[in-house]
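The following exchange examines one protein model through questions and answers. Please consult the sequence and the structure while reading.

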Amino acid sequence: MTLQVVHVASGREWRGGQRQVWLLDMRGGDPEKLTGAEEGVSAFAWSPDGATLVFVAPDGPDSTRKARKEREGDVERGNDHGSANLWLQPLGAARAKRLTQ
């Protein structure tokens with residue numbers, strides 16, 4: 001029987017700085033990074049059979065928001081949060097598939 005746990009970590013806890021989903025084998029060894037979303041993961045769920053991870057990830061900033069961040073720093077205005085998409089990540093697959101636009 002395989003004993004595994006999923007952990008969402010970011011910043012100082014793990015490499016990368018953005019919240020990502022990691023799979024940890026409780027018998028030891030290195031954690032396996034399951035997601036690689038540029039802006040991190042905000043929520044996730046497993047398929048009932050445990051073979052697929054579905055997650056929500058914000059879109060990266062568009063060119064206007066990037067330019068404003070360079071000028072003004074990390075300042076958000078009103079509803080300037082961008083959008084997010086739903087992604088499907090089969091375990092063992094190299095890349096996730098975006099489900100929404």
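The questions below move from the overall fold to the sheet, the core and the surface.

Reader: On what basis are local features and side-chain atom pairs accepted in this model?
Author: This is a predicted model in which totals for chains, interfaces and linings use all residues, whereas local features need pLDDT of at least 70 and side-chain atom pairs count only at pLDDT 80 or more. Residues are numbered from 1 along each chain as its sequence is written, and side-chain values use heavy atoms, with hydrogens and water left out.

Reader: Which pattern do the helix and strands of the protein chain follow along the sequence?
Author: Helices (H or I, at least four residues) and strands (E, at least two) are taken as DSSP runs and numbered from the N terminus. The protein chain contains one helix and seven strands. Read along the sequence, their pattern is β-β-β-β-β-α-β-β.

Reader: What is the strand order of the open sheet of four strands?
Author: Two strands count as paired if DSSP finds at least two bridges between them. S4 is joined to S5 by four bridges and runs antiparallel to it; S5 (residues 52-58) and S6 (residues 84-90) pair in the antiparallel sense over seven bridges. Two bridges then join S6 to S7 (residues 97-98), again antiparallel. The order of this open sheet is S4-S5-S6-S7.

Reader: Which strands stand at the edges of the sheet, and why is one side of each left without a neighbour?
Author: The open sheet has the order S4-S5-S6-S7, with antiparallel pairing. One side of each edge strand is left without a neighbour in the sheet because each has a single partner strand; the edge strands are S4 and S7.

Reader: Which residue of S6 is the bridge partner of Phe-55?
Author: Individual bridges can be followed across the sheet. Between S4 and S5, Ala-45 has Val-54 as its bridge partner in S5, and Leu-88 stands opposite Lys-97 in S7. For Phe-55, the bridge partner in S6 is Trp-87.

Reader: Which glycine takes a positive phi in the hairpin of S6 and S7?
Author: Hairpins with six residues between the strands are found at two places to be considered here. In the hairpin of S2 and S3, Gly-28 in the turn has a positive phi of about 120°. In the hairpin of S6 and S7, a positive phi near 90° is taken by Gly-92.

Reader: Which strand supplies the largest share of the largest nonpolar core?
Author: A nonpolar core is a set of buried Ala, Val, Leu, Ile, Met, Phe, Trp, Tyr and Cys residues joined through side-chain atoms within 4.5 Å. The largest has eight residues: Val-21, Leu-23, Leu-34, Ala-37, Val-41, Leu-53, Phe-55 and Ala-57. S2 (20-25) and S5 each supply at least two of these residues. The largest share, three residues, comes from S5.

Reader: How many residues of S2 are buried?
Author: Buried means under 20% relative accessible area, exposed over 50%, and partly exposed in between (1.4 Å probe, protein chains only). Buried residues make up 22% of the 101 residues in the protein chain. S2 is mostly covered, and of its six residues the number buried is five.

Reader: How far apart are the C-alpha atoms of Glu-39 and Ala-57?
Author: Glu-39 is found in the loop between S3 (32-33) and S4, and is partly exposed at a relative accessible area of 28%. Glu-39 and Ala-57 are 18 residues apart along the chain, and the separation of their C-alpha atoms is 6.7 Å.

Reader: Which residue forms a salt bridge with Arg-27?
Author: A salt bridge is a side-chain nitrogen of Lys or Arg within 4 Å of a carboxyl oxygen of Asp or Glu. The structure holds one salt bridge. Arg-27 counts as exposed because its relative accessibility is 58%, while Asp-25 is partly exposed at 25%. With the closest N and O atoms 2.7 Å apart, the partner of Arg-27 is Asp-25.

Reader: Is Trp-46 buried or partly exposed?
Author: Trp-46 lies in S4 (residues 43-46). The relative accessible area of Trp-46 is 33%, so this residue is partly exposed.
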